[in-house]
Amino acid sequence: MRDVTFGRYYPSKGPLHELNAALKLLFLVLYIISLFISVSYTGLCVCIIFIFLCIIVSRVPFKSVLRSFRSMIILAFVSSVIVCLTHADNGALAAFTVFVRLTCALCVSALLTLTTTPSEVADGIQSSLSFLRVFHIPVQDIALSVSITLHFIPVLQEEAEKIYNAQKSRGADFSGNLAKKASSVVSILVPLFASAFRRAGELADSMESRCYGSGPERTRLHSAGIHEADVLASLLFASYFLFTISVRLLLW
Amino acid sequence: MGAVIRARGICTSYRTGFGLRNISFEIEEGSFVCITGPNGGGKSTLAKVLNGLVSLTGGTLEVCGLDVNDENNLDGVRRQLGLVFQNPDNQIVSVVVKEDVAFGPCNIGLEPEEVAKRTSEALSLVGMSEYASSPVTALSGGQKQLVSLAGILAFRPRIMVLDEITSMIDPVERRKILSILKDLVKNHGITVLFITHRFEECLAADRLLYIEDGVLVADGRPEDVLRSVIKASDRREENA
């Protein structure tokens, strides 16, 4: 459980850490689009090289990025198996493509959370989706919910580990086949959910006592302006995005 | 100095049966008051009532002249009276220290420059300035609790209600927090209501309230209140 680190922030002074969070969210969405418009192997290779370069530039250790999403690789694997079984022709190749796409998408999402604090993610979501306020959608609440979810992932992981150790010390057996393991996990899940609900209640009280939702529009600690680095990153990303579109058009 | 809290016959009712029963007291501005009593006695309920998190079913409660039972006053009450809970992990909303401290000032719509000013001011008051950019996960329990304190101080409150904030931390950090609280009372005129189970912490206060079964059993100088509580407890044991 300690190995599950998705959603954790990696403190560093790397260039990706300094970028505007709203821009990073936009890059994330465009990168995922680029993954799905790249149908050729050349296109996919470009996507893979790009994400490798991003990891190097971010100064986040490669190991941390891998650890961050490795527990979710199973999802990519299951999806690719389903694709393989449902494709009559070239099933293995289609499965491989799906696997690469999903792994790259997980990797770039992990890179976003590793280089952006949950509060910055919230600010980014709030800025990017502010146009939805016209339709009375509570963008601020959605953004803060995402931020708190990201913040509490490691907290709940630690809690799960404590419960696991407590149950083990009382003789719980987590070994055996899959069915046995699944049934023994219940002894972790029940107290974990109870604790999560208690925490949620206390957090809500704490937020309310700190005037959350008291009326005025929430402001931010930092005014999220666009700096030189953001312009440079946008130009580089635009070049990459146009290149993947060109590759797609050329190899159609 | 006048009273910043005026409670007259306050009552609350909980579905579980626990609640406050006809409690009356006044708290003078700039005083350091401890509240103690057995578990389930109503101390935390009182803290929540003072912050408007739990509604009254009877009596009147004024915080800095504002009626807490009036929903329109809640925002004003919460700006004047900050509440810190027992477990810092359940009240810290951000990963980075300064972002968490800034959460409150951001909620009341202050300009970013003012938010930054108050954040650094609050962190300096609790001696955590050097950790402003640190991740909260890298801090000890006591340091996390200081971040929670700073989060309330960033409102520049007149009153702070602290609900067993030293119960989960080691003795050294506990002493540090106590000395910071004394400094806040002495040099910044903040009124502190400190809920605790520890008698040695009660003795550091100017006044002690003892709450049991939702009733204010004793109110006075800490030494006198503790002496009477111990005597009563001994009598109960003898009778049993």
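**Salt bridges, enclosed spaces and a nonpolar patch**

Counted over all chains, the structure holds 18 salt bridges. The model examined here is a predicted one. One of the salt bridges pairs Arg78(B) with Glu208(A), whose closest N and O atoms are 3.6 Å apart. Arg78(B) belongs to helix 2 of chain B, residues 74-80, while Glu208(A) belongs to helix 9 of chain A, residues 178-209, so this pair joins two chains. The two partners can also be described by their accessibility. Arg78(B) has a relative accessibility of 8% and therefore counts as buried, the cut-off for that class being under 20%. Glu208(A), at 36% relative accessibility, counts as partly exposed.

Helix 2 of chain B offers another example. Here Arg79(B) forms a salt bridge with Asp75(B), with 3.2 Å between the closest N and O atoms. The residues Arg79(B) and Asp75(B) are 4 residues apart in helix 2 of chain B, which means that about one helical turn separates them. Arg79(B) counts as partly exposed, at 30% relative accessibility. Asp75(B) is partly exposed as well, its relative accessible area being 21%. That value can be set against the limit of the buried class, which is under 20%.

Further along chain B, the side chains of Arg221(B) and Glu223(B) meet in a salt bridge with an N to O distance of 3.4 Å. In this pair, Glu223(B) has a relative accessibility of 31% and counts as partly exposed. Chain B also contains a network in which Glu114(B), Arg118(B), Glu121(B) and Arg156(B) are joined by salt bridges that share partners.

Attention now turns to the spaces in the model. The largest pocket encloses about 910 Å³. Its lining is made up of 43 residues, and those nearest the centre of the pocket are Thr117(A), Glu120(A), His222(A), Lys98(B) and Glu99(B). Several helices take part in this lining with at least two residues each: in chain A they are helix 1 (15-18), helix 2 (21-37), helix 7 (118-128), helix 8 (139-169) and helix 10 (228-250), and in chain B they are helix 3 (97-101) and helix 4 (103-107). Helix 7 of chain A gives the most, supplying 7 residues to the lining of the largest pocket. Sorted by class, the pocket lining consists of 16 nonpolar, 18 polar and 9 charged residues.

Apart from the pocket, the structure holds 1 cavity of 30 Å³ or more. The volume of the largest cavity is about 40 Å³. Residues from chains A and B line this cavity: Ser206(A) and Arg210(A), together with Leu83(B), Gln91(B), Asp100(B), Ser148(B) and Ile152(B). Its lining comprises 2 nonpolar, 3 polar and 2 charged residues.

On the surface, Ile74(A), Leu75(A), Phe77(A), Val78(A), Val81(A), Ile82(A) and Leu85(A) make a nonpolar patch of about 690 Å². One of its members, Phe77(A), is found in helix 5 of chain A, which spans residues 73-86. Phe77(A) has a relative accessible area of 49% and is partly exposed; the exposed class would call for over 50%. A place in such a patch requires over 30% relative accessible area, and the 49% of Phe77(A) can be read against that cut-off.

Definitions and conventions
Residues numbered from 1 in each chain as written. Chains lettered and ligands numbered in written order. Predicted model: local features only at pLDDT ≥ 70, side-chain atom pairs only at ≥ 80, totals over all residues. Heavy atoms only, no water. Patch = residues over 30% accessible without salt bridge, like charges linked within 9 Å, V, L, I, M, F, W, Y side chains within 5 Å. Areas by Shrake-Rupley, 256 points an atom, 1.4 Å probe, with all protein chains shown as cover. Salt bridge = Lys/Arg side-chain N within 4 Å of Asp/Glu carboxyl O. Buried < 20%, exposed > 50% of the residue type's maximum accessible area, 1.4 Å probe, protein only. 1 Å grid on protein atoms, 1.4 Å probe; cavity = no way out; pocket = protein on both sides within 12 Å on 5 of 7 lines; lining within 4 Å. Points joined across faces, edges and corners; volume = space filled by probe spheres on them. Nonpolar A, V, L, I, M, F, W, Y, C, P; charged D, E, K, R; others polar.
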